[in-house]
Amino acid sequence: MSVPDLRERSNKTARYVWSAIGVGFTLLCILLAAGALLAILGYVTVQGISSVNWAFVTELPRPVGVTGGGVANGIVGSIIIVGIATVIAVPIGVLTGVYLALFGRGVFAETLRLLSDVLAGLPSIAIGLFAYTLFVAPFKQFSAFSASIAFAVIMLPLIIRTSEEAIRGVPRTVREAGFALGLSRYATTMKIVVPAARGAILTAILLGIARVTGETAPLLFTAFGSQFWEINPFHPMAELSLQVFTYAISPYDDWHRQAWAGALLLTIAVFIINLLARFALSFSKR
Amino acid sequence: MSAQTDLDSLDASEAKSQVETRSLSIYYRGKKLAVSDVSIAFPRNTITALIGPSGAGKSTLLRALNRIHELGDGASVEGEVLLDGVDIYGPGADPVLVRQRIGMVFQQATPFPTMSILDNVTAGLRLRGALRTGSKPIEIAEKALRQAALWGEVKDVLHRNGASLSGGQQQRLCIARALAVEPEVLLLDEATSALDPISTLQIEDLMRQLVEKYTIIAVTHNMQQAARVSDFTAFLLGDEQGVGRLIELAPTNTIFTKPADKRTEGYITGRFG
Amino acid sequence: MTTNPPQRPKRSAVQADRIFLATLWAAVGIFAATMLGLIVQLIHGSWQSILTFGFKFLVTTTWNPVTSQFGALPMIYGTVVSSAIAILLASVVGIASATFLAEFAPRRIAQPLASLIELLAAVPSVVYGLWGLFVLVPIFRAYVDPILQARLGFLPIFSGPIYGVGLLTAGVILAIMILPTVSAISRDVITAVGREQREAGMALGSTKWETTWRIVLPAARAGIFGACVLALGRAIGETIATTMVIGNKATIAASLFAPSYTLSSVIANEFTEATSDVYISSLIELGLLLFVLSFIVNGFARVLVNSVFSKSEGR
């Protein structure tokens with residue numbers, strides 16, 4: 001009679017100990033994850049902050065081996081390349097999303113969605129190869145435009161999927177009210193329903209921009225990079241993440257220093273765009 | 001194409017009723033019969049109430065009158081719906097044009113979420129580019145809002161978002177929005193069901209004023225409302241297969257005092273539904 | 001009696017709709033064409049290599065630009081092993097983190113903490129690579145690898161010369177990169193497990209941990225697995241960070257300390273210097289392999305994640 005009691009009690013302690021270990025382990029893991037993030041961000045900040053100054057942001061790179069210089073052409077190049085990519089991806093993506101939201105049943109629509117999901121998981125370097133074979137090889141010319149194509153392809157699935165969901169999310173009653181006024185499908189969809197979904201769509205676009213701003217792999221053989229000012233999209237162009245990569249794998253200490261500075265700028269830019277994306281979402285929900 | 005031209009240029013005095021259904025049957029999902037063989041004439045400048053228990057097909061019938069049921073899956077009709085003598089389902093008839101002449105207000109008041117009150121009212125014209133150059137949107141909005149008895153309450157806040165109004169005001173906004181398009185017929189689908197009693201009475205008063213200009217057809221599950229407001233009442237009932245049929249159509253006074261059909265009497269006295 | 005003059009019907013309404021539909025179809029067409037074009041171009045670009053090497057390409061270990069002998073096996077090995085290390089580490093830490101956030105964290109810190117972890121996903125890969133190259137590699141070379149070799153050197157995977165760069169380091173950096181994917185999706189899936197199940201567990205007198213371990217996590221099993229597969233897909237495709245820390249050497253060695261190559265990093269490293277046509281074609285064929293591999297893995301993940309959410313929504 002007292003023996004089961006004793007066993008029960010010691011079993012209880014063992015259970016509580018195991019439970020504590022379990023919870024403790026999950027806590028440890030999250031601290032690890034948070035720690036990794038802080039370690040990376042901290043290191044980049046510490047290493048890069050002293051090198052980020054007005055000169056760094058406004059000057060061109062100096063020749064190999066010469067200290068100093070900046071990433072101004074990379075910053076401009078990033079803006080141009082991502083900008084052109086956005087201009088290409090947004091209309092195609094949103095309109096495809098509209099199509100799927102309006103006519104979304106059947107094999108064809110499901111196939112489109114499947115293609116979109118497949119594209120979403122595709123390694124960016126394979127997309128870069130695609131852009132290379134279509135826009136670089138035939139013209140024997142690296143260009144920012146080919147990089148923009150690659151980036152647009154990367155952005156498309158996100159914009160398509162979010163646009164479709166956002167448009168479906170607009171209450172049926174709003175759509176019906178538009179039709180009941182005798183408005184055409186075009187007017188109801190594009191002037192009432194899509195604007196009602198614009199918060200989510202804008203968020204998706206911003207997230208897409210943030211994603212490609214941090215992409216480097218496709219650039220290696222599309223935009224290729226440059227030491228000079230360039231705004232012609234049909235020429236090779238410098239890009240910030242590409243510059244960071246090139247400097248990082250080089251043997252020069254000064255270039256390493258500039259790599260950290262560029263990495264800091266890049267990370268801040270991507271974080272700001274992400275923050276804007278979150279604001280766009282909460283702003284539209286008001 | 002000719003049916004479309006007819007819709008424009010018909011001489012109104014020739015028609016006895018403004019809207020008329022002839023042997024109208026409505027199917028959805030291709031095969032399922034929802035409403036069977038309904039023939040009702042809706043006389044010009046009158047209010048006709050469609051009453052009946054749920055599942056009787058009242059809303060389905062109403063939505064066939066401005067062809068908005070076509071937005072659902074596989075909805076189709078047999079029979080005719082005549083607007084001033086011309087079948088709105090005839091060959092060449094454009095549903096978009098039909099809806100510009102037969103307006104609708106829904107149970108759920110939905111001001112367009114991204115627009116101000118002013119933009120909401122003028123939306124029907126503005127979004128299809130029908131605002132003539134030189135016309136002032138505010139004047140159009142004022143005319144419609146006065147008809148909807150809302151002008152006084154919103155004239156100083158026209159720039160505010162439509163959602164900032166109360167439920168009853170939003171519904172009147174939707175009525176104004178429908179009226180700005182200058183239809184001839186107004187369909188009300190349980191337009192007061194979601195409102196408080198005071199707003200409901202306000203809108204009932206509104207209906208009696210609007211009927212001088214428009215022909216109104218209103219679905220309501222509120223019999224007292226039908227009795228208060230309408231000139232004619234149609235009672236619909238669904239049979240065992242769920243197919244809605246017209247049981248009785250008569251002047252409102254008659255239906256509520258001396259209904260001809262036993263089933264009408266049963267519904268009105270509250271024995272079912 | 002006033003009659004409303006009927007609005008002059010605008011013929012252009014019908015036209016507007018026609019143009020509208022045409023525009024939609026055009027957009028859809030461009031999208032579909034792009035997708036198909038991608039596959040077509042990759043196959044077309046690989047054709048020369050496929051004709052030259054055939055199926056042996058997949059099992060040859062030689063990668064020699066000088067003699068124009070190309071084989072994919074070292075890269076397949078490198079991709080598989082580095083991704084395996086990555087998913088092993090990331091799944092444990094990621095699922096545990098998600099569990100903490102979903103079950104044990106006080107509500108007030110759960111969301112900010114979750115957002116913090118999700119920030120990891122926003123860091124550009126070149127920044128990971130940079131940090132990996134200048135921080136992780138020296139640490140591994142000086143401390144981690146020697147310790148592992150000292151204690152576990154009898155295992156072939158921890159034998160051999162230590163360089164700092166190599167499969168293990170690449171696996172670890174990949175693990176950090178895919179961690180937020182595992183964590184975020186797992187957290188969604190775990191939170192989606194119905195309240196009733198948790199309460200039933202607690203009502204039986206279990207501790208919170210026991211309920212989580214025995215009831216909640218098993219219920220979320222399929223979705224968590226899907227999250228891991230999705231993260232695996234990301235690891236397979238990662239290029240820049242990998243190429244900065246893996247050593248870029250086309251050999252197969254038993255040791256995790258040895259430098260290696262992945263399908264993606266070889267393309268990144270050598271494409272712009274590829275001179276001969278067959279060299280370029282072989283690299284594109286590696287890209288095609290990468291595409292196929294990622295397609296299979298992501299398709300599998302999609303099926304898993306979809307099955308979870310459609311079940312819970314009762315579709």
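Me: Let me get the terms right: helices (H or I, at least four residues) and strands (E, at least two) are DSSP runs, numbered from the N terminus. So what phi does Glu182(B) take, just after H7(B)?

Reply: Glu182(B) has a positive phi there, about 60°. Keep in mind that this is a predicted model, where local features need pLDDT of at least 70, side-chain atom pairs count only at pLDDT 80 or more, and totals for chains, interfaces and linings use all residues. As for labels, residues are numbered from 1 along each chain as its sequence is written, while chains are lettered from A and ligands numbered from 1 in the order in which they are written.

Me: Thanks! How far does H7(B) reach from its first C-alpha to its last?

Reply: It covers residues 167-180, 14 in number, and reaches 20 Å, close to the expected 20 Å. That expectation is 1.5 Å times one less than the number of residues.

Me: And why is H7(B) called largely enclosed?

Reply: Because 13 of its 14 residues are buried. Buried means 20 or more other C-beta atoms within 10 Å of the residue's own, exposed means 12 or fewer, and partly exposed is in between, with C-beta atoms placed from the backbone.

Me: What about Ser23(B), buried or exposed?

Reply: Ser23(B) counts as exposed because it has 11 C-beta neighbours inside 10 Å. It sits in strand E1 (residues 17-28) of chain B, and its phi is positive, near 50°, although it isn't a glycine.

Me: Which strand holds Asp37(B)?

Reply: Asp37(B) is in strand E2 (residues 32-43) of chain B. Its phi is also a positive value for a non-glycine residue, near 50°. With 15 other C-beta atoms within 10 Å, Asp37(B) is partly exposed.

Me: Switching topic: how many residues do chains A and B put into their contact?

Reply: Chain B gives 23 residues and chain A gives 16, where contact means C-beta atoms, placed from the backbone, within 7 Å. On the chain B side, H3 (95-101), E6 (102-105), H4 (117-126) and H7 each supply at least two residues. H3(B) gives the most, with four.

Me: How does that chain B side split by class?

Reply: It has 13 nonpolar, seven polar and three charged residues. Ala, Val, Leu, Ile, Met, Phe, Trp, Tyr, Cys and Pro count as nonpolar, Asp, Glu, Lys and Arg as charged, and the others, Gly among them, as polar.

Me: And how many residues of chain A are in contact with chain C?

Reply: 63 residues of chain A, in contact with 66 residues of chain C. H1(A) gives the most to the chain A side, with 18 residues. By class, that side has 47 nonpolar, 13 polar and three charged residues.

Me: Still in chain A, at what angle do H3(A) and H6(A) pack?

Reply: About 35°, with the axes 6 Å apart. Axes are lines fitted to C-alpha atoms, for helices over the stretch in contact, and angles run from 0 to 180 degrees between N-to-C directions. The residues of this contact are 23 nonpolar, six polar and two charged.

Me: Last one: how many residues of H5(A) are buried?

Reply: Twelve of the 13 in H5(A), residues 124-136, so this helix is largely enclosed by the rest of the structure. Among the buried ones are Ile125(A), Phe130(A) and Tyr132(A).

Technical notes
Two residues are in contact if their C-beta atoms, placed from the backbone, lie within 7 Å.
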